[in-house]
Amino acid sequence: MSAELEVQRKALVAVCGQVRDGAAGDAILAGDAEGLRPAFVASPASTAEASALLRVAAEHELAVLVRGGGSRLGWGVPPSRCDLMIDMAGMSAVVEHASGDLVARVQAGARMGDVATELARAGQEIALDVPAEATIGGVIGSGLAGPRRLRYGTPRDLLIGITIVRADGTVAKSGGKVVKNVAGYDLGKLFAGSAGTLGLISEAIFRLHPLPAARAYVTAEYVAVSVACDAVAAAANSTLVASAVELSRAEPGGPITVGVLIEGSAEGVAARSARLSDLLGTGSVQAEPPDWWPGAPAAGTGETLVQVSFWVSALGRVLDALNDAAALAGVSPLTAGSAGAGVLHIRIGASAEAGAAAGFVAALRALLAEERGAVTALAAPASVREALAERGGMYPALPALALMRSVKGQFDPGHRLAPGRFPDGV
């Protein structure tokens with residue numbers, strides 16, 4: 001170890017009880033030959049330790065990446081540097097659960113599955129369909145949400161308070177422990193989806209919902225795109241109050257399956273799901289989710305994951321554009337997602353050539369250029385990222401780029417937090 005690294009290590013150890021040298025398992029992109037490996041990995045046990053770590057990192061000009069579960073570190077553009085990885089596993093407690101107020105304060109390293117078990121004892125939940133191994137901070141930082149985003153929204157909608165640590169170690173808070181809260185700036189909405197580029201999320205306060213007594217899934221299959229779109233609109237706008245309206249299509253031009261989740265009391269769910277089955281025309285009802293029912297978006301090894309957001313009224317045009325883009329690029333992606341909320345996810349298999357996958361994204365953007373929405377490559381192997389760099393990159397055009405740069409400059413003027421994860425120097 002060089003003299004400079006030894007000085008940095010001693011400074012980090014002085015403020016945090018859990019600091020070690022980076023190892024092969026700490027590569028930022030698992031399985032990627034270009035994966036970065038940090039010089040140091042620290043696991044703070046408190047907000048105070050996290051603050052001290054970032055203060056030392058600022059003094060030594062260390063590039064910092066915050067890790068929760070690590071499953072989405074490979075999303076987006078890889079960071080260009082990482083000297084210090086801050087692992088949040090040491091901050092995993094449910095600090096407070098005010099069940100009477102339907103509010104919980106949780107540390108950022110807590111696993112969603114563990115939090116769900118704790119809250120379920122009081123018959124409550126954080127209404128986000130995300131993997132059990134995902135962490136609170138990771139879910140917020142990635143803006144991760146699943147099918148029930150239609151009814152409950154995404155992490156930014158369920159957050160009512162947040163504690164963050166800025167790049168220089170300054171601790172800041174916004175919101176509080178009441179559902180109707182206007183205290184301070186809304187840092188929760190700013191940090192949701194920020195991918196660790198603005199600061200470290202230390203704690204979060206969530207609005208909770210009662211666990212439903214019963215659930216039913218109503219599904220129907222359609223051949224005609226127009227009929228499937230009508231079914232999605234009817235279910236999403238119905239007074240039967242669906243918690244999710246999902247769509248799945250195994251291949252371009254293939255049959256479309258629409259699924260609707262109904263939640264509530266046992267008697268109410270039975271009556272509402274029966275009426276919804278009639279509304280969909282050929283709907284079948286079951287108590288358990290069907291095999292195809294999607295959770296939060298995910299990409300397998302070597303796959304490219306693309307997100308398309310749009311106004312629900314444009315669903316038919318989006319599906320037609322997916323068909324056309326797939327034909328132009330010569331790929332056969334799987335499409336699934338929250339059609340009722342205007343979000344679809346497209347998975348292109350690992351066997352597709354990099355140029356074909358990049359061509360699909362570029363073609364889809366061109367075909368949907370007149371629609372209000374965006375086409376974003378959430379995750380892709382290095383070869384596809386390189387091919388995309390010549391065709392507009394992982395992200396769509398960013399009309400608010402100047403504003404994003406300004407916010408980044410305020411929170412991280414040295415651009416040391418997850419540097420390079422967003423395009424154009426943001």
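Two strands are said to pair if DSSP finds at least two bridges between them. The exercises below apply to a predicted model.

**Exercise 1.** Determine in which sense strand 16 and strand 19 pair, and over how many bridges.

*Solution.* Step 1: locate the elements; strand 16 covers residues 304–310, and strand 19 covers residues 373–379. Step 2: apply the criterion of at least two bridges. Strands 16 and 19 are joined by six bridges, and their sense is antiparallel. Step 3: identify one bridge; Leu305 has Ala379 in strand 19 as its partner.

**Exercise 2.** Establish whether strand 19 is largely enclosed or not, and why.

*Solution.* Step 1: take buried to mean under 20% relative accessible area. Step 2: of the seven residues of strand 19, five are buried. Step 3: the strand is therefore largely enclosed by the rest of the structure. For the protein of 426 residues, 50% count as buried.

**Exercise 3.** Compare the radius of gyration of the protein with that of a compact globule.

*Solution.* Step 1: for 426 residues, a compact globule would have a radius of gyration near 22 Å. Step 2: the protein has 22 Å, so the two agree. Step 3: add the extents of the C-alpha trace, which spans about 70 × 55 × 35 Å along the principal axes.

**Exercise 4.** State what share of the contacts with a separation of 6 or more comes from residues 24 or more positions apart.

*Solution.* Step 1: count a contact when heavy atoms lie within 4.5 Å. Step 2: among contacts with a separation of 6 or more, residues 24 or more positions apart account for 70%. The protein in which these contacts occur has 13 helices and 19 strands.

Technical notes. Residues numbered from 1 in each chain as written. Predicted model: local features only at pLDDT ≥ 70, side-chain atom pairs only at ≥ 80, totals over all residues. Heavy atoms only, no water. Helix = DSSP H or I, 4+ residues; strand = E, 2+ residues; numbered from the N terminus. Rg over C-alpha atoms; globule rule 2.2 N^0.38 Å. Buried < 20%, exposed > 50% of the residue type's maximum accessible area, 1.4 Å probe, protein only.
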